[in-house]
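Reader: I'm in my first year and still learning to read structures. Could you pick a single part of this one and take a close look at it with me, explaining each term as you go?

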There are 2 protein chains.
Amino acid sequence: MTTVRTSTGAVSGRGRRAGRSAGDDRELAILATAERLLEQRAFAEISIDDLARGAGISRPTFYFYFPAKDAVLLTLLDRVTEEADSAAGDVLVHLAEDPRARWRELIGRFHATFGGHRAVVLACAEVRGTNAEVRRLWATVLERWVQAVEAAVEAERRRGAAPPGLPARDLAIALNSMNERVWYATFAGDGPAVAERDVVDVLLDVWLTAIYRTTTPT
Amino acid sequence: MTTVRTSTGAVSGRGRRAGRSAGDDRELAILATAERLLEQRAFAEISIDDLARGAGISRPTFYFYFPAKDAVLLTLLDRVTEEADSAAGDVLVHLAEDPRARWRELIGRFHATFGGHRAVVLACAEVRGTNAEVRRLWATVLERWVQAVEAAVEAERRRGAAPPGLPARDLAIALNSMNERVWYATFAGDGPAVAERDVVDVLLDVWLTAIYRTTTPT
DNA sequence: GAGTGGAGTCGACACCCTGTCGAGCGCGTG
DNA sequence: CACGCGCTCGACAGGGTGTCGACTCCACTC
C-alpha cells in the first residue's frame with residue numbers, strides 16, 4: 001500500500017479512511033447531513049440510514065466511512081472544540097491590561113462559538129451520558145480549559161489583583177462547569193434558563209466576583 | 001402539578017396502577033431492581049428484560065406495571081427530589097441568623113441526598129438528553145429551587161446583607177446550574193472534578209462571593 | 001490489453017430489543 | 001358457581017444495528 005496523505009487537511013482520524021480523494025466527498029457529505037439533520041431532530045431520532053441516504057449512499061456503505069453513528073458526532077465535536085480553542089486564542093495572557101474586558105472576551109467568544117453550532121453542542125450533551133468516547137473527548141477538552149483558567153487565576157493572585165481563596169483548580173472547575181450547564185439550558189431552552197442576550201454578562205459577573213470579589217477588578 | 005399519593009408509600013402516578021395490594025410488591029421489586037442494577041451498569045445497558053427478571057416476572061408483565069423503562073427511572077427521580085426537598089426544609093427562611101452556616105447547610109443537605117442516590121442521579125443525567133419526560137420533571141424541580149434561591153437573595157438584599165447586582169433570578173439559575181454540573185462530575189468521576197470532600201465548600205464559596213461579595217456575610 | 005488489487009458499493013442476513021395482542025390463570029364477590 | 005378483574009406470559013411484528021460476501025470501477029503493471 002502506497003503511503004498517501006490527505007490532500008487538503010487531514011480530516012482527523014475519526015473517519016475510517018486515511019485516503020485521498022473520491023470518497024472524501026462522501027465522508028464530508030455524511031458530516032454535513034448530520035449537522036443539518038441535527039438542527040431538525042435529536043441525535044437519537046436520526047438513524048444511520050438517514051445519514052447514509054442523506055449522503056447518497058446505502059447503509060452498509062456508511063460503515064465504510066464511520067464505524068458507528070457516534071463517530072460522526074465525535075468528528076463534529078472535534079471541529080467545534082478546535083474552533084473554540086482558536087477563537088479563545090490567548091486572551092488570558094493579556095488579562096492584566098483590562099481584566100474585566102478580557103474575561104468578557106473569553107466568555108463571549110466561547111458563547112459565540114457554541115451558539116454557532118448549538119445543534120452539535122446539544123447533541124453531544126444528549127449523547128455524553130451514553131457514549132464513553134464523547135465523554136472522554138469532552139473531558140480532555142474541558143481539562144485544557146480548566147488548566148488555562150487555573151493558571152490565569154494564579155497569575156492574577158500573584159500580581160495582587162485577585163485575593164487568595166479557593167484552590168485555583170477547584171475554582172476553575174466550578175466556573176467552567178457553571179458555564180457549560182448554563183449554556184446548555186440557554187441553548188436547549190428547557191427548564192430555567194438565562195436569556196441568550198444576557199447570558200455572557202451573567203456568567204461574567206459570577207466569574208469576577210468569585211475570582212476578584214468585585215465586578216470591577218483592576 | 002398534582003401530587004398523587006397512595007396509602008402506604010406515595011408512589012406517585014408513574015406506575016400504572018393506583019391500587020392497593022398484591023402487585024404492589026412487584027412494582028416495588030422493579031424499582032428496587034432498577035436502583036440495584038443502576039449501581040452496576042449504565043441505564044442504557046439495562047434492558048426491560050433485566051428489570052423484569054430481577055423482579056421475578058416476564059417482560060410482557062413488566063408493561064403491566066410501567067409503560068416503559070424510562071418510567072421506572074422517573075419514579076426513582078421523583079423519590080430523590082422529594083427527599084431533597086424535605087432535607088432542604090426551610091433553611092432559607094432562617095438565613096439572617098447566620099447566612100454562611102445556612103447556605104452551607106442547604107448545599108450540604110442537597111449534597112448528602114444526591115450522594116446517597118448517585119446511581120439514580122447519574123442515570124437521570126444520562127437519560128435527560130434522550131427523554132423528554134425526565135427533562136420536564138427535572139426542569140420543574142429545578143424551577144422550584146431556583147425560585148427559592150431567588151427569593152432568598154432578594155430578601156438578603158432587602159435587609160442590606162447582600163449588595164445589589166445581577167437580577168436575582170439569573171443569579172439563582174447560574175448558581176444552581178453550577179451545583180448540578182459540579183456534582184455530576186464529582187459523582188461520575190469523569191473529567192475535571194472537585195474532590196467529594198471539598199465540593200460543598202467550593203460551591204459554598206462561589207455562592208457567597210456571588211451573592212455577598214464576601215465569604216463571611218453577616 | 002489482459003491481469004491485479006484496492007477503493008467503494010450494496011443486498012441479504014442474523015441479532016437484539018421494544019411494544020402489543022390475545023389467551024390464560026387464580027381468586028373474591030354476587 | 002359463574003363472572004370479572006388483577007395479573008401473567010407466549011408469540012409475534014417491527015425497527016434498528018452491524019457484518020459478510022459479492023460485485024463494480026479504475027488505476028496501474030507487465
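Author: Rotate chain A by 180 degrees, with 0.0 Å of shift along the axis, and it superposes on chain B with an RMSD of 0.0 Å (a least-squares fit on the C-alpha atoms of residues with pLDDT of at least 70 in both copies). That is how a two-fold axis relates two copies. The C-alpha of Met178(A) lies 1.9 Å from this axis, closer than that of any other residue of chain A.

Before we zoom in, please keep in mind that this is a predicted model, where local features need pLDDT of at least 70, side-chain atom pairs count only at pLDDT 80 or more, and totals for chains, interfaces and linings use all residues. Residues are numbered from 1 along each chain as its sequence is written, chains are lettered from A and ligands numbered from 1 in the order in which they are written, and side-chain values use heavy atoms, leaving out hydrogens and water.

Now to our part, Glu180(A). It sits in helix H8 of chain A, which covers residues 168–188; chain A has 9 helices and 0 strands (DSSP runs numbered from the N terminus: H or I of at least four residues for helices, E of at least two for strands). Glu180(A) counts as buried because its relative accessibility is 12% (buried means under 20%, exposed over 50%, partly exposed in between, with a 1.4 Å probe and protein chains only).

What is Glu180(A) in contact with, leaving aside neighbours within four places in sequence? The partners are Arg128(A), Trp138(A), Leu142(A) and, from the other chain, Arg181(B) (contact means heavy atoms within 4.5 Å). With Arg128(A), the side chain of Glu180(A) makes a polar contact of 2.6 Å, side chain to side chain (N or O atoms within 3.5 Å, one able to donate a hydrogen and the other to accept it; residues adjacent in sequence count only if both atoms are side-chain atoms).

In chain B, the side chain of Glu180(B) forms a salt bridge with that of Arg181(A), 2.7 Å from N to O (a side-chain nitrogen of Lys or Arg within 4 Å of a carboxyl oxygen of Asp or Glu). H8(A) gives the largest share of the side of chain A that touches chain B, 12 residues. Between the two chains there are 4 salt bridges in total.

Stepping back, 39 residues of chain A are in contact with 38 of chain B. The copies meet through the same surface, because 97% of the interface residues of chain A are also interface residues in chain B.
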